[in-house]
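Here are a few exercises to work through with the model open in your viewer. Try each one yourself before you read the solution.

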2 protein chains.
Amino acid sequence: MGSSVSSRAALPPQWSGRRVRSSLPTVSGRKSGPVWAVERWLVGRLLSALGSPPIALVLWDGVSIGHANPKARVKIHDRRTFWQLLANVSLSFGDALSDGRIEVEGDLLEFLEIIYRCEETQPRGGLLDALAEWRRRPRANTLGGSRSNIHHHYDLGDDFYRLWLDREMVYTCAYFPAPDVSLEEAQTAKMDLICRKLWLKPGQTVVEAGCGWGALALHMARRYGVTVKAYNVSREQIRTARERAKAEGLASRVEFIEDDYRTIHGQCDVFTSIGMLEHVGADCYQQLGEVIHRCLRPAGRGIVHTIGRDHPGRLNAWIERRIFPGAYTPSLREIMDVFEPRSFSVLDVENLRLHYALTLQHWRDRFEAVAPRVEQMFDAAFVRAWRLYLVGSIAAFRTGSLQLFQVVFARHGSNEIPWTRSRFLTGHDHE
Amino acid sequence: MGSSVSSRAALPPQWSGRRVRSSLPTVSGRKSGPVWAVERWLVGRLLSALGSPPIALVLWDGVSIGHANPKARVKIHDRRTFWQLLANVSLSFGDALSDGRIEVEGDLLEFLEIIYRCEETQPRGGLLDALAEWRRRPRANTLGGSRSNIHHHYDLGDDFYRLWLDREMVYTCAYFPAPDVSLEEAQTAKMDLICRKLWLKPGQTVVEAGCGWGALALHMARRYGVTVKAYNVSREQIRTARERAKAEGLASRVEFIEDDYRTIHGQCDVFTSIGMLEHVGADCYQQLGEVIHRCLRPAGRGIVHTIGRDHPGRLNAWIERRIFPGAYTPSLREIMDVFEPRSFSVLDVENLRLHYALTLQHWRDRFEAVAPRVEQMFDAAFVRAWRLYLVGSIAAFRTGSLQLFQVVFARHGSNEIPWTRSRFLTGHDHE
């Protein structure tokens with residue numbers, strides 16, 4: 001790993017682009033001049049509109065406005081940043097925090113949880129919301145668009161992710177049988193939970209759409225004796241996954257294919273997709289359902305594991321622009337567009353929201369432990385952006401702004417399904 | 001029970017009405033004259049359109065058309081019935097079978113499963129389907145409409161249901177920890193499963209919307225120490241439920257209220273509705289969500305247990321007209337209209353389809369054992385109609401035409417939720 005601290009060049013263009021844009025010379029605190037009365041008044045209005053949460057804002061004159069005994073203090077260092085925040089707080093907050101134009105004093109997680117809970121109480125659906133939505137049209141998930149969207153996040157360099165993910169490099173929500181088990185154990189428990197939910201039998205064929213670095217595909221082949229075809233459009237991930245399959249002697253039973261889920265062909269007994277639906281885009285759910293319909297054998301079943309929401313709504317603008325371009329986190333109603341047009345039978349839905357919050361806490365702790373090395377690999381702004389992304393995600397899952405759904409389904413009318421879900425916990429059909 | 005075989009007068013008007021209509025003099029087989037070539041041709045076309053299933057039709061001349069070695073033979077006794085079937089098979093089949101104008105020779109269940117599976121392969125959404133849908137507009141679920149719809153089915157007389165339901169008189173899908181447990185055990189297991197899914201604590205308050213004869217409300221109070229307000233618009237059921245509460249000394253902790261779910265008021269920790277959503281009607285789901293939103297405390301949670309479908313579609317016309325007026329069985333996407341407008345968080349969905357098939361098999365067996373007494377209470381047409389309803393429902397659940405969903409939900413953002421679902425199986429949070 002030591003010799004690989006050289007992946008600065010691997011930074012995708014969006015990331016470098018953002019850094020170039022954000023390092024444009026900003027008006028320094030001194031140059032911003034005195035804070036105007038209208039600016040102070042606006043801060044007061046904003047805090048009161050948010051329900052007077054226990055936070056304070058400090059503008060570039062150093063005067064604190066808001067709660068007298070705040071849980072967190074947001075320091076805004078210059079006038080330009082202040083007005084950018086007013087114009088588009090969702091997007092600008094993340095950019096300004098990454099660039100150091102604002103700082104949060106106090107517990108960032110606590111601060112973000114407060115903000116998320118405030119947001120939930122705000123009325124939705126006004127004209128300004130509509131305009132903001134229009135401005136935020138995501139990059140389309142065409143075949144080329146998807147590839148570029150995925151490249152942005154997942155091709156930051158395996159070395160980067162290896163620094164703070166678990167040993168198996170699983171970059172999706174873990175399953176903690178109890179809150180105090182380790183991240184490594186929880187990721188293995190998650191893979192086993194999924195395998196039990198799919199009641200895999202030796203010799204069966206599995207298709208995986210969106211396979212990351214291949215941990216689940218290899219786990220299924222290794223422990224459950226199935227053969228797997230695993231798809232991913234991230235070149236770096238597929239390369240690593242293939243190396244792992246070869247090193248483990250599993251290359252004959254696990255095929256890693258660098259391609260889009262829409263090109264999946266052939267027949268399978270089991271369809272699995274863990275953490276890919278977020279990147280599919282709601283307008284392509286029916287197309288995903290068609291792919292499953294085309295591939296799945298009559299007694300087939302599958303699982304879709306995805307971040308979701310309690311009601312339809314867009315991702316935070318900054319996350320969607322800077323972290324996961326093209327991503328969308330659907331409500332269960334929207335997720336049903338994958339299943340209902342072809343009458344798949346939903347057997348089971350489990351919400352693991354708090355498990356994702358805990359997974360992210362592990363990632364954040366590990367990330368902080370290697371932050372100096374990450375700063376060497378990229379820069380300080382990158383570290384601050386990723387800190388915000390990880391902590392913001394913890395806050396989103398803890399406040400319920402985001403959910404994590406595992407949806408198990410079978411072909412319509414298939415009676416080759418588990419008798420009770422005790423099979424999912426114990427591997428046996430009856431209690 | 002002996003003295004109560006006098007409930008003929010309790011038969012609601014729709015039932016008597018149907019019987020009067022259906023006993024209009026029909027043209028007997030002899031009077032129908034010879035079978036025309038076009039009729040024989042139509043039968044052939046019909047069977048071929050259904051994919052040539054292993055069944056045969058016998059018209060009033062006694063000649064068998066269709067499969068040479070059929071699993072079942074449908075005998076149509078007269079020309080008028082034949083043409084009624086052609087005009088509206090879904091509705092007329094049930095009526096004609098009840099009246100004895102057609103008969104099914106062979107295994108009725110096997111025959112109905114064949115038909116259900118054929119139906120699933122037919123294309124949907126043509127003009128004729130649209131016309132049929134329009135003709136079938138269900139009776140509105142206004143406050144008065146609901147009361148009348150419920151009266152039709154649930155006020156047939158407790159004595160009737162007592163003849164063949166389990167000891168506790170639970171008239172919803174049971175939960176069989178293993179397929180060979182008794183119906184009584186399975187209904188108790190279902191009630192315990194629901195109570196575990198709701199992690200009831202002594203002293204908490206529960207609202208039940210649609211409580212049948214009160215078995216679950218009494219079970220919750222008796223075994224879990226909660227207090228329950230249980231609503232139902234069926235006068236007969238509420239009367240019996242109150243008597244049971246009094247007899248058990250639970251009247252101070254279980255209040256049975258003869259009223260519509262829309263009138264529910266006050267605050268509760270837990271909301272539960274088992275087998276009522278089918279009678280709510282899709283246009284009132286959001287209203288139900290509002291009722292829950294109004295009542296539920298911040299750490300509140302609830303369960304909705306309902307018959308559903310893999311894709312949106314109407315109930316069989318005969319079931320909707322003769323058995324459950326105003327009923328509708330929604331897809332999961334439709335069910336989300338209860339939860340998403342108010343951002344309830346869906347924690348868990350379990351599909352118990354095959355458990356309902358097995359529950360219905362128990363009911364059918366028990367019903368057949370007392371069929372002579374039921375015929376005394378009502379008449380032979382009533383017995384045939386209920387046989388068709390019970391066996392048709394087994395077929396619907398076995399073929400996947402119907403599903404059974406249990407949806408557990410909590411208030412948006414509430415973190416007072418179980419850590420894992422092992423709590424639902426074992427009562428403990430961690431595996």
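**Exercise 1.** In what order do the four strands of the open sheet in chain B lie?

*Solution.* First, some ground rules. This is a predicted model, where local features need pLDDT of at least 70, side-chain atom pairs count only at pLDDT 80 or more, and totals for chains, interfaces and linings use all residues. Residues are numbered from 1 along each chain as its sequence is written, while chains are lettered from A and ligands numbered from 1 in the order in which they are written.

Step 1: get the elements. Helices (H or I, at least four residues) and strands (E, at least two) are DSSP runs, numbered from the N terminus. Two strands pair if DSSP finds at least two bridges between them.

Step 2: read off the order, which is S2-S1-S3-S4 in chain B, with mixed pairing. S2 (64–66) and S4 (102–106) of chain B each have a single partner strand, so they stand at the edges with one side left without a neighbour in the sheet. From one strand to the next, the twist averages 25°.

Step 3: zoom in on one pair. S3(B), residues 72–76, runs antiparallel to S4(B) over five bridges; Lys75(B) has Glu103(B) in S4(B) as its bridge partner.

Step 4: add the helix. H6(B), residues 108–121, lies across S1 (55–58), S3 and S4 of chain B, at about 105° to S4(B). That angle is taken from 0 to 180 degrees between N-to-C directions, with axes fitted as lines to C-alpha atoms, for helices over the stretch in contact.

**Exercise 2.** Work out how chain B relates to chain A, and describe the side that touches it.

*Solution.* Step 1: superpose by least squares on the C-alpha atoms of residues with pLDDT of at least 70 in both copies. A turn of 180° and a shift of 0.0 Å along the axis lay chain B on chain A with an RMSD of 0.0 Å. That's the relation of a two-fold axis. Both copies use the same surface, since 100% of the contact residues of chain B recur in chain A.

Step 2: list the contacts, meaning residue pairs whose C-beta atoms, placed from the backbone, lie within 7 Å. There are 36 residues of chain B in contact with 36 residues of chain A. Elements that each supply at least two residues of this side of chain B include H16 (332–339) and H19 (380–399). S10(B) gives the most, with seven residues.

Step 3: look at S10 in both chains. S10(A) (residues 345–351) and S10(B) pair antiparallel over three bridges, and Val349(A) faces Val349(B) there.

**Exercise 3.** Is each of these residues buried or exposed: Arg364(B), Ser52(B)?

*Solution.* Step 1: count C-beta atoms, placed from the backbone. A residue is buried if 20 or more others lie within 10 Å of its own, exposed if 12 or fewer, and partly exposed in between.

Step 2: apply that. Arg364(B) has 20 such neighbours, so it counts as buried. This arginine sits in H17(B), residues 353–369, and, leaving aside neighbours within four places in sequence, touches Leu390(B), Val391(B) and Ile394(B). Ser52(B), with 12, is exposed.

Step 3: check the backbone. Most residues other than glycine have a negative phi. Ser52(B), in the loop between H3 (37–49) and S1 of chain B, has a positive phi near 50°. Ser343(B) also has a positive phi, about 55°; this serine lies in the loop between H16 and S10 of chain B.

Key: Two residues are in contact if their C-beta atoms, placed from the backbone, lie within 7 Å.
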